[in-house]
Every structure is written in C-alpha cells, then in structure tokens.
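Grab your viewer and work through these short exercises. Each one sets a task and then walks through a solution.

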Amino acid sequence: MAEVTLVNPPLDEACRRLMPVPGIPIGLCQLAASLRLRGHKVALVDCQALDLDPQAGVEQILSLGSRYVGFTGNSLNIDSAAQMAGMCQAKGLKTILGGVHVTAKPTETMFNYPQFDLALMGEGDVRLPDLIEALERGKPIASVPGAVYRDNGNINEIPRGAFVRDLDELPLPAWDLLPDFAQYYQPPARWEIPRPSAILVTSRGCPLPCVFCNKSVFGRQRRFHSPRHIINMIRHLISEHGIKHIAFEDDTLVINKHHVEQLCRGLSESKLGITWSCRVKSDLLHPDLPAFMKRAGCCQVTMTHLSGSQRILDALNTKMTVEDIEEALGLLQKSGIKVLGQFVVGGFEESEETMRESASLIQQVPFDDVDIQFFNPLPGCEAHETASLFGRFEQDSKSTHTHFVPKDLSLKQLTQGREMLWKAHYLKPAVFFSCLTRRERWPDAVQAIRSLTLRK
Ligand code: B12
Ligand code: SF4
C-alpha cells in the first residue's frame with residue numbers, strides 16, 4: 001500500500017488541444033525518488049498521460065489506499081487539481097498541494113481552494129519528506145520550511161528554506177512509476193524524432209529578465225546537474241526504458257558555453273548512441289556551439305519566444321534581437337541541426353503590423369517547422385502584474401480558455417494573426433510539398449489547407 005500518492009492533474013480540453021503531447025511530470029518523479037530515499041512508499045497517477053478526468057483519476061487514487069495525496073499544480077490545472085482534492089478530502093485523505101501556482105500565490109491559492117489541507121512552496125525535494133514525517137510524528141507543521149496551512153481561520157506561510165544547492169545530490173527521478181514511456185509520452189510523428197524519447201530538465205533557476213517567466217519555484221541563480229550526472233540519467237533511461245532520444249527541456253541549456261561543451265564532450269565520449277534535442281534562446285547561442293552539439297548527437301533545436309518584431313522582443317524584455325534569431329538559425333542549420341521556431345503572438349504591444357513582421361520573418365528564413373503560441377501572462381510572472389496596462393483577458397467563445405488580448409487588437413484579429421503566421425510557413429512551396437509527400441506530416445498539410453481558406 002502506497003503511503004503517498006502523487007498526482008499530475010488533467011488539463012482542460014482547450015489546453016490539451018494546445019499541448020497535444022503529455023510531458024513527463026519530472027517534478028513528481030523527482031519528489032517520488034526523494035520520498036523513497038527516506039523510506040516512504042509512493043505511487044504516481046498521471047492523469048494527463050492516461051487521459052483520466054478528475055473522477056476517474058480519483059478512483060485510481062482511492063484504489064491505491066494512500067493516506068496522503070500530493071497534487072502538482074500550475075495555473076492551468078489548478079482547478080482540476082482542486083476538484084480532485086475535494087473528492088479525496090471527502091474520503092478522509094490528507095490533501096497537499098505543491099508546484100508553480102501555489103508557490104507564486106500561496107495565501108490566495110489556499111484561500112480560494114479549501115480542498116487542499118496543506119501546501120508547500122518551492123522545491124519539494126527535501127521538504128515534502130519533511131512534511132510527511134512531521135504529519136506522521138504529530139510534529140507542528142510550522143516546523144517545515146515553505147509550509148502553508150490554515151490556523152484558526154488564518155493562512156500561515158512559513159518562510160522557505162534554502163534552494164537545493166547541489167542538484168547532483170538528488171536521487172535519479174522515479175521514472176519507473178510512470179506508465180509506459182513508449183506508449184504515453186511520445187512527441188508527434190511529424191517531428192521525426194527517434195522513439196521512445198524522454199524529457200530531461202538538467203538545471204534550475206535563471207537570472208534573465210523575460211517578463212513572462214515564472215521564477216517563483218527555482219529563483220534566479222542558475223544551478224546545473226553536472227555532465228556526469230546527466231549522462232548517468234541517460235544511461236539509466238536507456239537501460240531501463242530503451243530510450244533513443246532525449247529532449248532537454250531546460251529553457252536555457254546553452255546559457256553557459258563551458259557547460260554545454262563539457263556535456264557534448266561527455267555525450268560523444270560515452271557513445272550512448274542516442275540523439276537529442278534542446279531549447280535555445282537565440283541570443284545565448286555561442287557561434288562555436290552548434291558544431292559541437294551536432295557532433296554529440298543533437299538533431300533538433302527549438303528556438304523559443306520568437307517574434308519577427310523588435311518592438312515585441314523588447315516589450316517582453318527578451319534581450320534578443322531579430323538579427324540574433326536569424327544568426328542562430330543560420331548557425332544551427334549550417335551544422336545540420338533542424339530548427340523548430342516557437343513564435344508567440346499577442347505579447348505586449350502586439351498589433352497587426354507587428355504580426356505581419358513575424359509572418360514576414362517566417363516567410364524569409366527557412367525554419368524546418370514552426371509552432372505558434374498565444375502569449376499567456378500567468379500568475380507568478382512580472383507580465384501578469386502589468387498585463388492590465390497593455391491589454392485585457394477575454395474568454396474564447398468556443399472554449400473555456402482565456403486569452404490575453406493586447407490593446408491594439410481584438411480577439412478575432414489576434415486569432416487571425418496566428419493563422420497568418422501558420423500560413424506564412426506552410427504555404428512556402430518547399431514546406432507545403434514536404435507536408436504532402438510525407439505521411440507523418442499530413443496533419444501539417446491539413447493545417448496548411450485550412451490556412452488557405454483564411455478570410456481576413
Ligand atoms: C519542462 C517544462 C515543461 C515541459 C514538461 C512539463 C512537465 N509536465 O513537467 C513541457 C514542455 C511539456 C511543458 C508544458 C507546459 N508548461 Co511548462 N515548463 C517547464 C519548465 C521549463 C521546467 C519544469 C520542470 O520540469 N522543472 C523541474 C521539476 C523538478 O520542477 P517542478 O515540476 O516545478 O517540481 C518541483 C517544485 O515545483 C515542487 N513541486 C512540484 N509538484 C509538487 C507537488 C507537491 C505535492 C509538492 C509538495 C511539491 C511539488 O517540487 C518539485 C521538485 O523540486 C518550467 C519552468 C520553471 N521555471 O518551472 C515551465 C513552466 C512550469 N511551464 C509553464 C506552462 C505555462 C506550461 C504549459 C501550460 C505551456 C503551454 N501553453 O503548453 C504546458 C502545460 C504543462 C502541463 N502538463 O500541465 C509555466 C507555468 C506557469 C504557471 N503560472 O502555471 C512555467 C513556469 C514556465 C513559465 N512560463 O514561466 N512545460
Ligand atoms: S523565459 Fe527562459 S530565458 Fe527568459 S527568464 Fe525564463 S528561463 Fe530565463
């Protein structure tokens with residue numbers, strides 16, 4: 001019988017459509033490993049991977065017979081987490097919340113969601129085992145740094161302790177608690193990434209000032225797993241789960257040139273026979289790195305937070321220039337690495353003109369693929385606090401989704417702008433032809449044909 005069940009709550013339908021591939025809940029795997037290290041029995045229910053609605057998720061939790069149930073919650077699944085917690089609470093389980101949403105807004109979250117008995121702010125690696133042991137031994141909750149709890153109608157926040165200083169001291173994530181990798185966590189076939197693949201996050205904290213970034217959990221100081229530890233994790237994933245590809249989801253893997261060089265050297269020397277991909281912020285890519293990365297097995301890079309308008313890049317304080325984007329793309333492709341351009345529309349100061357600038361950049365430069373996301377200033381980032389100065393939040397009439405709509409645009413114009421960016425990519429003759437001729441890219445072809453029917 002598991003003593004603690006950790007839960008990844010479902011996203012609503014609208015978010016699922018935006019993010020069709022479930023990501024591995026790395027935080028929960030990491031917490032499960034830390035709990036096990038301290039002798040606790042743990043189970044994990046990933047509602048996103050198993051496509052469980054709250055009711056079905058709770059049935060699974062109850063069947064595991066735990067006394068404690070820990071939910072991870074971001075701002076997009078906090079409601080479903082609370083719905084599940086309410087059902088668990090009614091059955092006498094102690095419900096605990098952690099993750100990015102409650103860390104950003106602790107008192108407000110506990111006030112709005114009485115379904116959670118307790119919460120923990122920040123990194124839970126050391127603190128969640130501390131909390132479970134305090135509960136088991138009847139010790140005061142106030143003795144646990146980062147705890148948030150109710151006391152006589154008040155909500156108390158205990159100051160957080162220090163960050164985990166040496167990430168290598170953490171145990172390997174408990175990937176064994178997840179449902180089968182090959183079945184549940186695979187990227188779309190059109191990305192042509194070797195399968196099965198797994199996500200890794202190998203660093204925490206970021207000193208940079210992008211206004212849409214929530215740094216509440218990990219702070220501003222960059223901490224890295226050593227290349228040796230990263231290679232150990234990969235070896236384990238290969239031997240236990242047959243992994244053939246690693247997607248490094250760190251926002252800024254390339255922030256430290258020396259670290260990337262060492263990692264690449266380690267990957268090359270250990271001859272693991274895998275490929276890998278990562279995310280790159282264009283201005284941080286040192287010109288020497290792409291060749292190194294390619295030799296070490298990097299086959300694809302996602303260039304993040306893009307806009308073709310300098311005005312938007314500046315308004316979001318990305319510190320990037322349009323030239324940085326063009327230069328990074330050229331360097332990566334010259335080294336034989338495919339590039340996915342991840343554009344954001346609807347940022348502060350977005351207008352029809354700035355969206356046309358993005359469409360024009362997409363037309364002019366040869367991204368291998370693009371992804372277009374709506375800007376979403378969620379709780380915990382600077383942009384959430386200043387959003388009302390630059391626009392408003394509007395409900396999408398076709399879903400429960402809320403969009404940020406900048407001052408100079410209507411929601412319809414914003415949606416049309418996003419279509420215009422898709423169209424700029426998919427209607428390029430080379431891209432359109434490759435969509436039609438390769439079966440795995442047929443969903444892209446459908447997207448392209450849809451964008452042909454776009455009415456302005
Ligand atoms: C990797 C990543 C992804 C990956 C993998 C996500 C996953 N399932 O783990 C992918 C690409 C799939 C992804 C998708 C999305 N992501 Co994301 N992602 C990240 C990133 C860069 C790192 C997260 C991570 O794995 N960290 C490593 C692990 C160890 O940390 P962790 O999960 O936070 O867990 C620690 C603590 O939070 C805490 N904790 C967590 N859960 C619990 C539970 C309990 C009970 C306790 C006590 C403690 C606790 O302890 C853990 C260990 O220390 C963060 C950036 C960031 N700074 O956090 C954004 C971030 C979390 N993502 C974000 C968003 C918005 C999304 C999407 C909605 C984006 C989209 N539009 O598609 C989706 C939805 C995700 C989902 N499935 O619900 C936002 C969330 C903002 C917010 N206010 O909610 C962040 C903060 C980025 C940002 N904008 O600032 N994401
Ligand atoms: S978005 Fe990425 S680069 Fe910008 S502050 Fe956040 S982690 Fe750092």
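**Exercise 1. Sort the residues around ligand 2 by chemical class, then name them.**

Keep in mind that this is a predicted model.

Step 1: the shell around ligand 2 divides into four nonpolar residues, one polar and two charged.

Step 2: put names to them. The residues around ligand 2 are Cys206, Leu208, Cys210, Cys213, Asp251, Thr252 and Lys281.

Step 3: match names to classes. Cys and Leu count as nonpolar, Asp and Lys as charged, and Thr falls among the polar ones.

**Exercise 2. Work out where ligand 1 sits and what surrounds it.**

Step 1: start with the neighbours. There are 43 residues around ligand 1, and the closest are Gly23, Gly27, Gly70, Gly98 and Gly124.

Step 2: look for the elements behind them. Helix H2 (26-37), strand E3 (68-72), strand E4 (94-98) and helix H6 (100-104) each give two or more residues to this shell. H2 supplies the largest share, five residues.

Step 3: check the chemistry. The shell around ligand 1 splits into 23 nonpolar, 16 polar and four charged residues.

Step 4: zoom out. Domain 1 (4-157) and domain 2 (186-452) both contribute residues to the shell, so ligand 1 lies between them.

**Exercise 3. Check the length of H2 and find what it packs against.**

Step 1: H2 has twelve residues, and at 1.5 Å a residue the expected span is 16 Å; from first C-alpha to last it reaches 17 Å, which is close.

Step 2: list the buried residues of H2: Gly27, Leu28, Cys29, Gln30, Leu31, Ala32, Ser34 and Leu35.

Step 3: find their partners. These buried residues pack against strand E1 (4-8), strand E2 (42-46), E3 and helix H8 (127-137).

Step 4: see what comes after. Gly39 follows H2 and has a positive phi, near 90°.

**Exercise 4. Find the best-connected members of the largest nonpolar core and place that core.**

Step 1: the core has 119 residues, and those touching the most other members are Ala32, Phe116, Ala119, Ile246 and Leu421.

Step 2: domain 1 (4-157) and domain 2 (186-452) both give residues to this core, so the core lies between them.

Step 3: pick one hub. Leaving out residues up to four places away in sequence, Phe116 touches Ala82, Ala85, Thr95, Ile96, Leu97 and Met110.

**Exercise 5. Is Leu313 buried or exposed?**

Step 1: locate Leu313 in helix H13 (residues 310-315).

Step 2: count. Leu313 is buried because 24 other C-beta atoms lie within 10 Å, and the cut-off for buried is 20 or more.

Step 3: name the contacts. Beyond residues up to four places away in sequence, Leu313 touches Ser307, Thr318, Met320 and Thr321.

Key:
Residues are numbered from 1 along each chain as its sequence is written. Chains are lettered from A and ligands numbered from 1 in the order in which they are written. This is a predicted model: local features need pLDDT of at least 70, side-chain atom pairs count only at pLDDT 80 or more; totals for chains, interfaces and linings use all residues. A residue is near a molecule or strand if its C-beta atom, placed from the backbone, lies within 6 Å of it. Helices (H or I, at least four residues) and strands (E, at least two) are DSSP runs, numbered from the N terminus. Domain bounds come from an automatic or database domain assignment. The expected span of a helix is 1.5 Å times one less than its number of residues. A residue is buried if 20 or more other C-beta atoms lie within 10 Å of its own, exposed if 12 or fewer, and partly exposed in between; C-beta atoms are placed from the backbone. Two residues are in contact if their C-beta atoms, placed from the backbone, lie within 7 Å. A nonpolar core is a set of buried Ala, Val, Leu, Ile, Met, Phe, Trp, Tyr and Cys residues joined through C-beta atoms within 7 Å.
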